[in-house]
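Thanks for sharing this one. Here are a few points to follow with the model open beside you.

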Amino acid sequence: MPLYVAPSAGFCMGVKNAVTKARDIASACIEEELPCFSLGELIHNHFVVEKLSEGGLKVAQSIDEAMGCALIIRSHGVSEAVLEEAKSKARAVYDLTCPFVKRLHDVVKSYSSGGKPIIIIGDEKHPEIIGTAGWCEGEVYILNSLEEVKSLPEQAENALVVCQTTLQPSKWDEIIAEIRKRFPSIKEKNTICSATHKRQLEAQELAKKAGRMIVVGSKKSANTLKLYDSCAKLCKNTILVERAEEIPSHFRTLTWDIIGITAGASTPDWLLKEVVDNMNDIERIESPEMEAQLEGSKQAAAKAAVKEEPSEEKSFMDQVADSMKRIRNGQTVQGKVVQITEDEVCVNIGYKSDGLIKRSELVDKDVALGDTIEVEIVKVNDGEGNVILSQRNIINRKAWAEIKEKFEAAEYIEGEIKEVVKGGLLASINGVRAFIPMSQVAPRFTDKLQPFVGQKAMLKILEIDEAKKRVVASRKAAIIEKQQQEKEAAWAKLQEGEVVKGIVRRFAAFGAFVDLGGVDGLIHISDLSWNRTLTPADVLTINEEIDVKILSLDPEKERIQLGLKQLTTRPRPWDNIEEKYPIGTILTRKVVRLSDFGAFIELEPGVDGLCHISQISLHRINKVEDALQPGQEVNVKVIAVDPEKKRISLSIREALEDAAEDYDGEIPGEEFGDYSEPEQDEE
Ligand code: F3S
């Protein structure tokens, strides 16, 4: 007879918290001789109410009954007005409203503060709904069925829709979908607490497998009745009992059936234990095998069960919980996401209570139901039974570890610049804030910091103080070091005489600077081109990639001399001279020097022609300098070309005569025609 108890059977966190605290408060009040009341029965279970009453907690039906006494507000919560009245009339008020319900109050109060309406899906007679409605400052519409959606007035369009914390998720989905048909852009906030749904799901899973199913709880509790209904649909042998003695005898016969047990949220541990003990205590043993089986079941149950009375500190459920995962603050565990609300995410970490992560502590913003995530236990118990979790702490811890490692190794780490602050920039290194002083922003000082915001940058950690959560970093140091490393790597690769690629970066009067990948070299103007008259801009363009020859390297002075012209063939001016200067061509050129027998005229750099004294003028001249001066520009005619001897004979006279053919007037000096041509000197 395998016996299984659903893990979430019994008190939920809110009820457990209320019962435990109420018992302690009542006992403290007895010592102070102060009567202590709860406003209404603390929970829907008269056995618990009776036990609390024995411990000094009475039930008040109105605040006036508790005038001048201690008054406990139960986990369902009350309206704001009732709470204020209680504070004004009772001597001490203990508000044990469940944190989930309290959050619901906060949500409706905040949204309705400007008079905006609220729609609550839930049972209008339930104390939680009555209390929640009392925190709304505008109109409140309470509905509990699809039909009722039709009755919503038009002004409900601006409402926020919330729900009873114990509402079935499927009911929420149905009704919210119906509301959306009428008001497509209505705002909604699912305020369901996962405890009830989780209990239902676990009970249903058990009921599917069980031959017999026992639901323990008050027959007056709506939630226990719902639990019973959902189990009865899946297991026809389901019973609802308040005490063990109600279990019918046919349920207590020994069979091979699985027997499942679950309990409503108001069922105390000791009642659950009573039922488990009772089911283990089956008298009829049919065979040695069965006896062994029974013994095994008993031992298993005994491991979880407790011999002490229910009022003892260590309850049955605590022991069951003890057999579950143990956790401690600071521990990292894996958990499954079981509920997501706007403000927080509920994670099943295999502990007796689910854990809560506030949105601000959640790093994985796209987390979805059913995802397994890694979380850190911030607090095993926040005082209200909640396990507080964080994802951010894990990331922060990893980030700090990496920052420390990089600091110690003097390595860089990437950060993102987030904002300009007084005196510098604030960067985020995997979520850890790092300050970059203004002097450490860039290699050249700048106080124009806004353009850096949003940039990713490699940072060097200058200082860390984990206790004070302080990191000082330098972008400048990282850039300078990186440049230095690149420079050294580039120098190591350079060899005199090699041809390398480079990018033209800037021009100067004396040459052009070329980036060789971390180091700059200079092409002196004399090494740019064979034609010395050309400037850097005539030959190159900025950012152009070129091949250059390394002429010399001076690592000490960090000077690299580059050559461009060395990669081109030096032009030979006398090549193809006859084609360049055919006989009869008339050119305008400058006289470069004079001699006794004529004038040398430059046709191009490296090519001078001779104009013999007899060819200088139309009339006879005695001295060359009588007709010409160096630097003077003249028209000359090519009259002879000797490539081998590198001689070109020119004639100013013939150029003049050719010009005269088109001229009608008198030609000066025409009367002089006597001249003789001396030998031309070799260059
Ligand atoms: Fe609170 Fe959820 Fe229980 S709302 S009272 S923990 S069912």
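1. Let me begin with L234, which sits in helix α9. Bear in mind throughout that this is a predicted model. Is L234 buried, exposed or partly exposed? Its relative accessible area is 38%, and because buried would require under 20% and exposed over 50%, L234 counts as partly exposed.

2. Which residues does L234 touch, once neighbours within four places in sequence are left aside? The contacts are with Q204, A207 and K208. As for A203, its C-alpha lies 9.8 Å from that of L234, with 31 residues separating the two in sequence.

3. Helix α9 (222–234) also contributes to the largest nonpolar core, supplying at least two of its residues. That core has 27 residues, and the ones with the most contacts inside it are M213, I214, V216, I247, I261, V275 and M279. At least two residues each also come from α8 (194–209), β10 (212–216), β11 (238–241), β12 (259–263) and α10 (269–280). Do look at the second core as well: it is separate, has 23 residues, and includes I73, V108, W135 and C136.

4. Now for the ligand. Around it you will find C12, G14, C98, F100, T165, C193 and T196. By residue class, this shell comprises four nonpolar and three polar residues, with no charged ones.

5. Helix α17 deserves a turn of the viewer. Its buried residues, within the span 652–660, are I652, R653, A655 and A660. Why do they fall on the same side of α17? They do so because the arc they cover around the axis is only 165°. Their packing partners are the strands β28 (586–595), β29 (598–604), β30 (607–612), β31 and β32.

6. At the start of α17, please check S651: one of its side-chain oxygens comes to within 3.3 Å of the backbone nitrogen of R653. R653 is also one of the buried residues of this helix.

7. Two backbone angles are worth a glance. N576 is not a glycine, yet its phi is positive, at about 55°; this residue belongs to the loop that joins β27 (559–563) to α16 (577–580). K646, likewise not a glycine, has a positive phi of about 55°. Where is K646 found? Its loop runs between β31 (633–642) and β32 (647–651). With a relative accessible area of 43%, K646 is partly exposed.

Definitions and conventions. Residues numbered from 1 in each chain as written. Predicted model: local features only at pLDDT ≥ 70, side-chain atom pairs only at ≥ 80, totals over all residues. Heavy atoms only, no water. Near = heavy atom within 4 Å. Nonpolar A, V, L, I, M, F, W, Y, C, P; charged D, E, K, R; others polar. Helix = DSSP H or I, 4+ residues; strand = E, 2+ residues; numbered from the N terminus. Buried < 20%, exposed > 50% of the residue type's maximum accessible area, 1.4 Å probe, protein only. Arc of directions from axis to C-beta. Contact = heavy atoms within 4.5 Å. Polar contact = N/O pair within 3.5 Å; in protein donor to acceptor, adjacent residues only side chain to side chain. Core = buried A, V, L, I, M, F, W, Y, C linked by side-chain atoms within 4.5 Å.
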